[in-house]
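User: Please take a close look at a single part of this model, the protein surface that meets the DNA, and set it in the context of the elements around it. I would like one connected account rather than a list.

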Number of protein chains: 2
Amino acid sequence: MLDRANIGHPWWHGRFRGCGYRLTIPREAILDVLSKTSRHLSAEDIFLAVHKVYPAVGLTTIYRTLELLVQMRLVFKFDFGDKRARYELAEGTKGIRHHHHLVCTRCGRIIDYTDFIDEEKELLGQTEKGLSKKFNFKITNHIIQFYGLCDKCQNKG
Amino acid sequence: MLDRANIGHPWWHGRFRGCGYRLTIPREAILDVLSKTSRHLSAEDIFLAVHKVYPAVGLTTIYRTLELLVQMRLVFKFDFGDKRARYELAEGTKGIRHHHHLVCTRCGRIIDYTDFIDEEKELLGQTEKGLSKKFNFKITNHIIQFYGLCDKCQNKG
DNA sequence: CCTTTATTGATAATGATTATCATATTCAAT
DNA sequence: ATTGAATATGATAATCATTATCAATAAAGG
């Protein structure tokens, strides 16, 4: 259940005011849904979840809000090869650890992993620095994904 | 210009026969287009290029063939955040070096880079091995992409 | 209370990709 | 060469996630 009257406001409250945006009920509801799952929700998933609590919120608002949240860097948008886009609260948010994804190309299962992240971060940091200099490219984000077959799908021919 | 009568056939000829597929004119034309560009073509780009030489080839065949080529691992399919999928001849093919991408989120420009690839490969190898064991996941592919602003787009507010 | 601006939702439009299905092509065996 | 089975093709229509439109609401600040 969403608790707008929370003492001290949820941590993201200020981010909105600072940008001239309003933290409305639909927006907060979407953030609430995202903050309470470890799955990788599509726009429709989020719509359905929000709908249970606030049936008046339309799908259009979901898309619009997600776009806003991505732009504010509160949310990451992923493409895992099925058609729909998937959304996830940004790392650093609450207790979410930086992670990457294993994507099963057969059943679509997605596994988050945090192992090797430290090494990866180290390498990526160097790489980003080098690339930034060489190409004069301002890197704001990166994606690492491994594709393959999960354990279950390997035993299916 | 496509040269079907090339001595010794293009290198990919055998890959088709081996799978029971036929190396037809449209398929060869598509591979030919892909092998002669360093850009990241969309299905429509490829359609237009093939169309100049073989106007009879339809867009459906382009999509179908690309799907086949991706499945045969001769071609990689990428999503750079604009809507259309982009295709690229697989590494190891001819003289193509393993590389990753910088994607400008503003103008869509894509920069291939091969620097740091060796270090990345080393790390990715370790990571893949570790992840494979831990999750019993058979990794066949990976993607690394950096997003940000290219030099030109940084000077635009 | 009033004015301005931000936000929303229903609906229609978009556009890349897929499905359908009848036709054409290829290969191998006769 | 000819035939027959399997593969490949192209025109067309359908799909479906995402966007655009636009009138209606809600909030903030005087």
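Analyst: What follows takes the surface near each DNA strand in turn, and then the sheets and the pairing of the two chains.

The model is predicted, and every distance given below is computed from its atoms. Around DNA strand D there are 17 residues, of which A:Y63, B:T24, B:R27, B:T61 and B:R64 come nearest, and this list draws on chain A as well as chain B. In terms of secondary structure, at least two residues of this surface are supplied by each of α4 (59–71) of chain A, α2 (25–35) of chain B and α4 (59–71) of chain B. The largest share, 3 residues, comes from α4(B). By class, the surface near DNA strand D divides into 6 nonpolar, 5 polar and 6 charged residues.

As for what the protein meets on this strand, 65% of the atoms of DNA strand D within 4 Å of the protein belong to sugar or phosphate, and the rest belong to bases. Several contacts to phosphate oxygens of DNA strand D involve the protein backbone: a polar backbone atom of B:R22 is 3.0 Å from one such oxygen, a backbone N or O atom of B:A56 lies 2.8 Å from a phosphate oxygen, and for a backbone N or O atom of B:V57 the corresponding distance is 3.4 Å.

Turning to DNA strand C, 18 residues surround it, and those that come nearest are A:T24, A:R27, A:T61, A:R64 and B:Y63. The elements that each supply at least two residues of the surface near DNA strand C are α2 (25–35) and α4 of chain A together with α4 of chain B, and α4(A) gives the most, with 3 residues. The classes here are 6 nonpolar, 5 polar and 7 charged residues. Of the atoms of DNA strand C within 4 Å of the protein, 69% belong to sugar or phosphate, with the rest in bases.

The polar contacts of DNA strand C include one made by the backbone, in which a polar backbone atom of A:V57 is 3.5 Å from a phosphate oxygen. Side chains also take part: a polar side-chain atom of A:K83 lies 3.2 Å from a phosphate oxygen of DNA strand C, and a polar side-chain atom of B:R84, from the other chain, lies 2.8 Å from a phosphate oxygen of DNA strand C.

The helix α2 also links this surface to a sheet in each chain. In chain B, 3 strands form an open sheet in the order β1-β3-β2, with antiparallel pairing. Because β1 (41–42) and β2 (75–78) of chain B each have a single partner strand, they stand at the edges, and one side of each is left without a neighbour in the sheet. β2(B) pairs with β3 (residues 86–89) of chain B over 4 bridges in the antiparallel sense, and B:R86 in β3(B) is the bridge partner of B:F78. α2(B) packs on this sheet and touches β1, β2 and β3 of chain B, its direction making about 85 degrees with that of β3(B).

In chain A, an open sheet of 3 strands likewise has the order β1-β3-β2 and antiparallel pairing, and its edge strands, β1 (41–42) and β2 (75–78), each pair on one side only. Here 4 bridges join β2(A) to β3 (residues 86–89) of chain A, running antiparallel, and A:F76 stands opposite A:E88 in β3(A). α2(A) packs on the sheet, touching β1, β2 and β3 of chain A, and its direction makes about 85 degrees with that of β3(A).

The chains themselves are joined by strand pairing, since β6 (residues 138–149) of chain A and β6 (residues 138–149) of chain B pair in the antiparallel sense over 11 bridges. Within this pairing, B:N141 in β6(B) is the bridge partner of A:Y147. β6(B) also pairs with β4 (residues 100–104) of chain B, in the parallel sense and over 4 bridges, where B:Q145 is the bridge partner of B:H101.

Finally, chain A can be laid on chain B with an RMSD of 0.1 Å by a turn of 180 degrees and a shift of 0.0 Å along the axis, so the two copies are related as by a two-fold rotation axis. The C-alpha of chain A nearest that axis is that of A:I144, 2.3 Å from it. The same surface serves both copies, with 100% of the contact residues of chain A recurring in chain B.

Key: Residues numbered from 1 in each chain as written. Chains lettered and ligands numbered in written order. Predicted model: local features only at pLDDT ≥ 70, side-chain atom pairs only at ≥ 80, totals over all residues. Heavy atoms only, no water. Least-squares fit on C-alpha atoms with pLDDT ≥ 70 in both. Contact = heavy atoms within 4.5 Å. Near = heavy atom within 4 Å. Polar contact = N/O pair within 3.5 Å; in protein donor to acceptor, adjacent residues only side chain to side chain. Nonpolar A, V, L, I, M, F, W, Y, C, P; charged D, E, K, R; others polar. Pairing = 2+ DSSP bridges. Axes fitted to C-alpha atoms, helices over the stretch in contact; angles between N-to-C directions.
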